[in-house]
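Work through the exercises below with the structure in view. Try each task before reading its solution.

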Amino acid sequence: MHKPAAKAHGAYICADALRELLLAAASPDNIEAFLRRIIAALCRQDALGPGAGLAVVLHSRKNAPPFMFAVNFTKAELPHLSDTGGAGKWTKNLLNFRMQGGAAKGTLLARLAGPAAPGAVQLLEIAAKAISGRLAQESRERQLTRERDIADAITHIEELYLAFPTVSIEEISRTVLDEARRLTGSRFGFAGYINPATGWLNVPTLTDGAWKNCQVNKGDFIFKEFTGLWGWVLKKKKPLLTNSAVSDPRAEGLPPGHIKIEKFAAAPAISGKKLIGILALANPPGDYSPTALAAVTKLARVYALMLCHKLAEQQQTDTAERLAESELKYKTIFEKANVAIFIADAATGVILDANKDAEKLTGRARKELIGMNRQKLHPPEATAHYRKQFREHAGRDLTSLSEAELIRKDGSRAQVRISASRLELGGRVVLQGIFHDITERTRLENIMRESEGKYRSLFETTRDALMTLEPPHWKFTHANQATLDMFGAPKETDFMKLTPWAVSPKKQPDGRLSSEKAREMLERALKTGSNYFEWEHKRLYGPLFTTEVLLTRVKIGEKRVVQACIRDISARKRIEELLRQSELRQQLAMAQINGVLWVLDKNLRFTLSRGQGLAAMGLKPDQVVGMTLEEFMLPAGPDSPSCAAHRRALQGKNVSYEERVNGVEFNIHLSPLRDQDRKISGVVGIALNTTEKKRMERMLKENEETLSKIFDTTTDAIFLKDTGGRYLKANKACGDLFLLKAEIMLGKSDADLFSPAIAAESQKDDAEVLRQGRTLFFSKELVSPSGKSYLSVAKTPLRGAGGEITGLLGVIRDITEIKKMETELAVAKAADALSKVARPMAHDFNNALAAISGYATLIDDDLPASSPIKTEISRIIEAVRRAAELTSKLQDFARNPKIEGGEK
């Protein structure tokens, strides 16, 4: 079909038709009602003829069916109207007019009953333009609505984060996902973040609909590999939109049972160049548009910023919790080790600490044990023996074992096995003793020798793992319930099929094969009668654990067998490791002190020196150990203030003083070092590097003095208020401005100092500054007996260390002179402009008057004296003379114009 040419501008158009079209275009009806009004208005026009067929076909979205409204077309014709190309094939008098508004396109179709009347085509063109305008208007409104929805979504997310600082990542992710689904209409989606430690994708939330329809394991929220469409987004760090996800080659890798992804849109959450997470959506009712992807990208950007803050906070919290948990584990193991632990000074034998099991073992409270000499735990008649035993333990670097007799507070005695280890805590060598009460085991051994029946009873009921083994194959022949529990064996018959190396790792910690070493230990016990050692075992279905093994040769009937008593000492080993780590931490802590820590004996001889401050003096840790303080202080010698201070500390006084060494300032504290008898045995000193602190204090003092001078001498009025509106500080200029003394204003509010109107206005401005939390500027007029003044007021909130508003700062400047100069400048500019216009105008007017005067004079000279015109000519000359006088005054004004203005 072809589109007929438009009529000339002179074509007749009915005024009523134009009015109806304009009213329809301005109506607030929806698009369908609007089109009905347009078609109805056209049908009522005679220019189209009676029974004219009219139709509007709109194509709003790709692959969506068109919208059509038609009148006076048959049902057979309607299906062909949506295809204007096809319609031209079955009728020749079908007129069409293209329409477009925004993304919507369409056609206005008209079939006239006869030849086109004057104005019919022009009327249809106007109707098509009216429809196009309405479509464009609706497109703009939709775009504005989308932008407003995106802004509202971002505001909602930001308000959630700012109003609830403790909001979780899951709640933030849920909010971002909900807003994205609302904006795009997506059925499914997820928001996830990259774990900084593993690099894996953590998805704290998925849409409920996705879980309901998905057959994949619902407990898997962590994705180690990035596959499919969302994986492409993470790898490329680029947004992605596809409305044909099924055929997209990047959509491969979905697990079986996953929901079918038909349409997909996603954007990476990036902060700077770092990938933080992803926001992904799927399966909206219609196609995704570029505007939808833009909205998702904006939300992903906000999501990335919040994730950065929350992940940083979470990392700090996790670190603090791990440190607290480690310390708690150490304390818990020490207190709940199920074994008595003593820590004593290696030199003196004084007990420094003991756990609860030590209290139970000795019958003494912890307060009684601390400070007691370990010798009092043993029988007095064997003092020499136990003193020698203690020295041997203290002289060995490795763990040593021994047995001893212990006296309880009630006088009863117990047999104990001691595992002693030498440690260094806080610069002091200590001995850690782990006491196992073997009284019960000794009693059991005696009872077993006396009675086989009693032996079996005790064998079965004891909490220690007991078992017997027979040579030469060394299989277990008997095992008690504690043994079965220890190794996880269901029945004794099952356990009796095993050998010691079957419940051991392939190799022991020393690298030897468990099968070879076990046979050697058993043969030694069979030969010597007993064998005691440590061994690493493993449970049948569990981890490795460390044990103490006591092998004893016994005779059952005519058979010689080996009885094994095994005790799990994994907890003790952990305690020993924790103690070792604690000691290491203490040494590291001393090395990291921003200063120097040292210890002197009673002769003021160094026994320890640690800390980073040693480098400032050109020393290494413990380099001065063995040197006396006088030797170190050369050439000052014994008369130096430092030596005097150390001697006062030896007298039992705490001494503090400051000293400068090699340009470094130290704050030194000395304390007497006391032994277990509270006698002074030396001096402990610590010198903290205060060089930077002193420098900062001097700078702070200088800054405070500078600010105080500025505050007191500035001509601007400055004041400070608290959040209740009371003046905290005001300078002299502030008092002079309000005709008050500055000190009178302190502690008072505006209502106490000014009139109700001025106080109310000031309080209103203060409240607005505190509400918005930012600097605001105000212009004020101050009327006083001396006249009106103009003031420029700036008020800004003051914040504390935590960011909370604690008050406000106000600065007032008198701008009256500036206002006056601005007025004078405006008047001067107006006068200059008037002069530039008036001077050429006066000149041109004067030239015109000269011409009139000249010609009038010539005419007057040529006329006879009796001419009646001569009188009229004289009047012209007189008028020209008066006009010349006015022109002269205008020229004088143009040269020096004076304009009255400004305030009086």
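**Exercise 1: a surface patch**

Phe 221 is partly exposed, with a relative accessible area of 33%. Here buried means under 20% relative accessible area, exposed over 50%, and partly exposed in between (1.4 Å probe, protein chains only). The model is predicted: local features need pLDDT of at least 70, side-chain atom pairs count only at pLDDT 80 or more, and totals for chains, interfaces and linings use all residues. Residues are numbered from 1 along each chain as its sequence is written, and side-chain values use heavy atoms, without hydrogens or water.

Task: locate Phe 221 and name the nonpolar patch on the surface.

Solution.
- Step 1. Find the loop between α7 (208-213) and β7 (222-223); Phe 221 is there. Helices (H or I, at least four residues) and strands (E, at least two) are DSSP runs, numbered from the N terminus.
- Step 2. Form the patch: Trp 200, Phe 221 and Ile 222, with about 240 Å² of accessible area together.

**Exercise 2: the sheet with β22 to β25**

Task: give the strand order of the open sheet of five strands that contains β22, then find its edges.

Solution.
- Step 1. Read the order: β22-β21-β25-β24-β23, with antiparallel pairing. Two strands pair if DSSP finds at least two bridges between them.
- Step 2. Find the edges. β22 (606-610) and β23 (655-661) each have a single partner strand, so one side of each is left without a neighbour in the sheet.
- Step 3. Add the twist. Neighbouring strands are turned by 20° against each other on average, direction ignored.
- Step 4. Check one pair. β24 (residues 664-674) and β25 (residues 680-689) are antiparallel over nine bridges. Leu 673 has Gly 682 in β25 as its bridge partner.
- Step 5. Add the helices. α21 (residues 691-713) packs on the sheet and touches β23, β24 and β25, at about 125° to the direction of β24. α20 (residues 641-650) lies across β21 (595-601), β23, β24 and β25, at about 160° to β23. Contact means heavy atoms within 4.5 Å. Axes are lines fitted to C-alpha atoms, for helices over the stretch in contact; angles run from 0 to 180 degrees between N-to-C directions.

**Exercise 3: the sheet with β16 to β20**

Task: which strands are the edge strands here?

Solution.
- Step 1. The order in this open sheet of five strands is β17-β16-β20-β19-β18, with antiparallel pairing.
- Step 2. β17 (475-479) and β18 (530-538) are the edge strands; each pairs on one side only.
- Step 3. The twist averages 35° from one strand to the next.
- Step 4. β16 (residues 465-470) and β17 share four antiparallel bridges.

Definitions and conventions. Patch = residues over 30% accessible without salt bridge, like charges linked within 9 Å, V, L, I, M, F, W, Y side chains within 5 Å. Areas by Shrake-Rupley, 256 points an atom, 1.4 Å probe, with all protein chains shown as cover. Salt bridge = Lys/Arg side-chain N within 4 Å of Asp/Glu carboxyl O.
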